[in-house]
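Please examine the sequence and the model displayed here. The paragraphs after it explain selected parts of the fold and the surroundings of the ligand.

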Amino acid sequence: MAIKTSRLLDVYPQLDFEPVSGHGVHLKCSDGREILDLYGGHAVACLGFGHPRVVETLAQQAETLTFQTNAVPLAVRERAASRLASLSPDGLDQIFFVNSGAEANENALRLAFLGGGGRRHHVVSVEHGFHGRTAAAGAVSFGSEKWYAFPQPPFPVRFIPRNETAGLEEAIDDDTAAVIVEPVQGMAGAFDLETPFLAALRERCDATGATLIFDEVQCGVGRTGYGFACEGVGVQPDIVTTAKSLAAGFPVGAVLMSDDVADRAFKGSLGTTFGGGPMACALVETVIDTIESEGLLAHVKKVSDHIRERCVVGPVERIQGAGFLLGLVCNIPAKDVRDALLAQDILVGTSSDPNVIRLMPPLILPEAHVDELAEKLSACAV
Ligand SMILES: Cc1ncc(COP(=O)(O)O)c(C=O)c1O
């Protein structure tokens, strides 16, 4: 048996490099290597590494007030909520801050059941979707039986096939509390669901009174070239959940909801100790300000188009997804492509689709790096 020296629980497969610092879109490793990061720490590092505004916000807020709870009003929390509401489509103006994507989904599902008043019993989720590892978020994640471990889910879940509108009448009925869906399925390989399918989910939710939840934990906060992906597809959910990019690396999540959904909450119905803390909120404000002041939505759209034009090369047969959440569909195993790129100092991600490489670069990625990716992909044909 190998001797174990680390005290960290061994649950994550590890890549073979150790980043010690980051600047812009590059990581510097302990052996001196420089790696172009097109994975962004699972889509978290939206402003790259060492962005001056992030560094300044952290320092300023740490000097001013590191923490206070939700039991007291905070101007920085109010400002963060207003900025977030301004980034989302009109009508999703009420915000509940949490700490992670799973916690955002857990609370979104609770709000859906609160709306059902005890008369709705199940949730509809989409095949291949991933929503997190907590009890309710795990229950609505496709394939979670492999790791779920709890004796039973908190409610029955009906999984529906992607992009199939036939059968929605049976699946979504008066007993459905919520339909939860990622408009662009991240873990599944940046699989962008078709607009008619998302619109049909909206229609069935309207017909039955079920709550439509868009999980934008991965695809939200500018990643698709829109504030939120729902705007890009023109389908308005009742709730949007988000996290990852929202504070550029500081843990935070949020539930954005309509006034109707907000009316279901009462004092004591939802809560969290750390959610909405001043450090996280100061960064939320800065991230959204920076997305707007640096014109990052337009930048993401432009560079994403360039990736689509240049990167169907080497093992890549086609590209799916939106903005900077892209899936490169390969004719060889994605893991081999990931390893071949890493050997050339470019970091990309894999996905639950064994043939899809995932790109989730910082929103600030300069266009010049697309050509570098294309060249190195061409050299990857194994
Ligand atoms: C779409 C989506 N929802 C929820 C989650 C869970 O987020 P967290 O790991 O912050 O709990 C993830 C994480 O990858 C995700 O991609």
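The account begins with strand pairing and then turns to the ligand.

The model is predicted. Towards the beginning of the numbering, strand E1 (residues 19–23) pairs with strand E2 (residues 26–29) in the antiparallel sense, over four bridges. Within this pairing, His23 has His26 of E2 as its bridge partner. The hairpin of E1 and E2 has two residues between the strands, and Gly24 takes a positive phi near 65° there. E2 is also joined to strand E3 (residues 34–37), with three bridges and an antiparallel course. Here Lys28 has Glu34 of E3 as its bridge partner. The hairpin of E2 and E3 has four residues between the strands, and Gly32 in its turn shows a positive phi of about 90°.

Another group of strands forms an open antiparallel sheet in the order E13-E14-E16. Strand E13 (316–322) and strand E16 (356–359) each have a single partner strand and stand at the edges, so one side of each is left without a neighbour in the sheet. On average, and with direction ignored, neighbouring strands of this sheet are turned by 20° against each other. Four bridges connect strand E14 (residues 325–330) with E16, and Leu326 has Leu359 of E16 as its bridge partner. Helix H12 (residues 334–343) lies across E14 and E16, at about 50° to E16.

The ligand is surrounded by 15 residues, of which Ser100, Gly101, Ala102, Gly132 and Val217 are the closest. Helix H4 (residues 101–116) supplies the largest share of this shell, three residues. By character, the shell comprises five nonpolar, eight polar and two charged residues.

Terms used. Residues are numbered from 1 along each chain as its sequence is written. This is a predicted model: local features need pLDDT of at least 70, side-chain atom pairs count only at pLDDT 80 or more; totals for chains, interfaces and linings use all residues. A residue is near a molecule or strand if its C-beta atom, placed from the backbone, lies within 6 Å of it. Ala, Val, Leu, Ile, Met, Phe, Trp, Tyr, Cys and Pro count as nonpolar, Asp, Glu, Lys and Arg as charged, and the others, Gly among them, as polar. Two strands pair if DSSP finds at least two bridges between them. Axes are lines fitted to C-alpha atoms, for helices over the stretch in contact, and angles run from 0 to 180 degrees between N-to-C directions. Two residues are in contact if their C-beta atoms, placed from the backbone, lie within 7 Å.
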